[in-house]
Amino acid sequence: MNSRHVSSLTYTDWHYLLCLFSLSEMSAEEAEAQISGLSVEDEQPPPEYLQEGEEEIHGDAEEIEKPSDEVISKALSVKEAFGETPGDDESEGFAPRTMLPCGTPPPRKLNIWTLLKDAIGKDITRITLPCSFNEPLSFLQHCCEETLEYIDLLERAADKEDSMERLLHFTLWAIAGYTSSLDRLTKPFNPLLGETYEYLGKGGADSNKKYRYFAEQVSHHPPTSAFFASSQDGQVEYWGDITLKNKFWGKSVEVYPRGYCYARLKGPRDDIFSLTKGTAVVHNVIVGKMWMEYVGKPEILNTKTGEKALLELKNAGWMDKRRHLIFAEIVGADGFVKYRLRGKWSESVYLEVVEGEVLPDKLGKKEKWEDVEDNGKYQKLWSRHSDSCAKDNYNYPDFTIGLNEIRPKQKEFLPPTDCRYRPDQRKLEDGDFKAATKLKLALEEKQRAAKKRREKAKEQYVPRWFTKAGQGDSGWIYEGKLQQRSAHIGVQILHAPLFLGGILSGIAGKYWDVREKKEWAKMELPDIYLEEQ
């Protein structure tokens with residue numbers, strides 16, 4: 001079967017095709033005939049991991065440069081801790097739910113070519129697919145899950161005095177975040193433009209801090225989600241934005257998360273870390289059993305010390321049965337390796353303390369990817385949570401099951417744009433696929449109509465809670481939305497802009513301040529859902 005580049009997708013992710021092709025009733029021969037007859041405008045060679053004999057993929061992340069000391073000193077004064085927040089159900093003994101209202105539905109067999117035959121060479125995300133291909137979460141909630149489920153690793157990092165130990169645990173947290181995609185056979189809902197999500201409560205199972213997390217869909221094409229999270233004591237803060245770009249090949253789908261994310265860890269030290277994310281690849285999207293992996297070489301940097309982690313996500317290749325392997329070297333400012341991490345992001349990660357002055361990436365392939373176990377040389381540093389109810393709840397970990405729940409006290413303070421109020425997502429969670437698909441179609445039609453009205457009036461959509469600082473898709477900074485801006489000051493950090501301050505005018509108010517006063521009307525929030533829900 002020839003591998004051809006069929007379409008360059010503008011949004012979300014490999015989950016579309018993961019579901020579509022896995023539920024197909026076509027035989028291998030029928031699929032071969034369909035793919036061989038595809039008409040494409042630009043035929044391209046297959047990606048590296050599909051070429052025979054290729055064992056590694058090197059990724060395409062740009063090298064990260066250390067910003068100036070002046071820029072870092074300004075950045076360290078941007079964010080603050082928070083006090084008691086109204087609508088905090090957990091403070092009054094509320095326990096998040098442990099099961100979804102309707103469990104994982106049985107697979108629904110469909111002939112995917114009935115849905116996709118007219119989409120070849122086009123943007124597949126402009127097709128309204130049945131909600132049976134979705135999971136009852138928004139991508140904004142998925143980002144929250146990835147951030148907070150293992151946030152205890154950042155808490156642990158913040159408690160360390162040694163900067164290299166801080167970087168070690170920060171790297172471990174970055175690796176653990178990939179588990180949010182494990183065994184998830186359906187896709188999150190694409191956020192509507194202006195959709196928001198807030199989380200107020202404890203972090204994952206091992207966390208001992210309370211967090212506020214907020215996200216907004218700031219762009220639809222390209223699809224960009226911006227977010228900011230902080231612990232109540234202000235010791236841990238995390239912010240950034242993600243723009244997802246996709247490529248669909250005859251045998252696989254690639255998803256490239258673009259954008260830079262940052263974490264500030266206080267405590268004995270005060271550091272800002274930066275990171276990029278790996279590329280997601282789904283194999284056997286036409287014939288065979290689906291499986292997914294992350295590949296590439298994300299770089300993680302302590303912007304204050306210049307210390308960095310060289311993380312590699314190994315592609316398994318055709319014959320390699322060991323999947324989800326990771327390898328990382330924690331490198332000091334002097335250029336020598338102090339720690340190495342090995343293992344699987346889907347299972348456990350092991351630590352090796354390196355003795356003596358060792359330069360990075362000097363190991364052979366066999367030694368780099370050797371099997372590890374908890375012994376004198378390697379120490380188990382982290383293991384994935386064991387979630388007893390996952391299979392009955394879309395393979396959600398325990399933390400994720402409660403993310404779409406409307407809590408009693410919180411309900412009073414939620415804005416009308418929060419994705420918990422999204423009607424198609426709510427119907428799907430209740431198990432009503434037919435009603436969910438009908439509502440999904442109506443919501444997307446309403447979004448298209450709003451876009452046409454803006455184009456006719458020659459208006460641009462302005463996000464309410466994040467400010468754009470710089471050029472390109474990335475660089476959305478949480479500052480609270482101001483209806484008018486007279487000027488702003490931006491700087492370039494790590495090839496992505498980090499907003500440090502500015503001259504602002506208009507109706508001011510950060511999200512949580514407006515929420516406390518319930519002054520949503522003053523913010524002129526977009527009308528994105530349906531009146532009758």
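This passage describes the overall make-up, the nonpolar cores, the cysteines and one group of paired strands in a predicted model.

The chain has 533 residues, of which 57% are buried, and its secondary structure comes to 12 helices and 22 strands. Among the contacts in the chain with a separation of 6 or more, 67% are accounted for by residues 24 or more positions apart. The chain exposes about 23,200 Å², and carbon and sulfur atoms supply 48% of that area.

In soluble globular proteins, nonpolar side chains tend to be buried together. In the present model the largest nonpolar core holds 77 residues, and the members that touch the most other members are W173, Y213 and L341. Helix α7, which spans residues 163-176, gives the most to this core, contributing nine residues. A second, separate core consists of 19 residues, including A226, Y262, W512 and W520. When residues up to four places away in sequence are not counted, the contacts of Y213 include L140, C143, C144, T147 and L148, together with Y197, E198 and Y199. Y213 also touches F227, F228, A229 and W512, and W512 is itself one of the residues of the second core.

A further buried position is found in helix α5, formed by residues 139-148, where Q141 has its place. Q141 counts as buried because its relative accessibility is 0%, below the 20% cut-off. With residues up to four places away in sequence again left out, Q141 touches Y197, L403, N404, C419, R420 and Q425; Y197 is also among the residues touched by Y213.

A disulfide is a covalent bond between the sulfur atoms of two cysteines. In this model the count of disulfides comes to zero. C144 is in no disulfide, and the nearest cysteine sulfur, which belongs to C143, lies 8.9 Å away. C144 is also buried, since its relative accessible area is 0%. For C261, the closest cysteine sulfur is likewise that of C143, at 8.3 Å, and this is too far for a bond because a disulfide requires the two sulfur atoms to be within 2.5 Å. C261 counts as buried as well, with a relative accessibility of 1%.

Strand β7, made up of residues 236-249, is mostly covered, with 12 of its 14 residues buried, and it pairs with strands on the basis of several sets of bridges. Strand β6, residues 224-231, runs antiparallel to β7 and is joined to it by seven bridges. Within this pair, A226 stands opposite D241 of β7, and A226 is also one of the residues of the second core. β6 and β7 form a hairpin in which four residues lie between the two strands, and G234, in the turn, has a positive phi of about 75°.

The pairing of β7 with strand β8, residues 252-258, is also antiparallel and extends over six bridges; here K247 stands opposite E254 in β8. Strand β9, residues 261-265, pairs with β7 in the antiparallel sense over five bridges, and in this case W239 stands opposite Y262 in β9. Y262, like A226, is included in the core of 19 residues.

Key: Residues are numbered from 1 along each chain as its sequence is written. This is a predicted model: local features need pLDDT of at least 70, side-chain atom pairs count only at pLDDT 80 or more; totals for chains, interfaces and linings use all residues. Side-chain values use heavy atoms; hydrogens and water are left out. A nonpolar core is a set of buried Ala, Val, Leu, Ile, Met, Phe, Trp, Tyr and Cys residues joined through side-chain atoms within 4.5 Å. Buried means under 20% relative accessible area, exposed over 50%, partly exposed in between (1.4 Å probe, protein chains only). Contact means heavy atoms within 4.5 Å. Two strands pair if DSSP finds at least two bridges between them. Accessible areas come from the Shrake-Rupley method with a 1.4 Å probe; for residues, only the protein chains shown count as cover.
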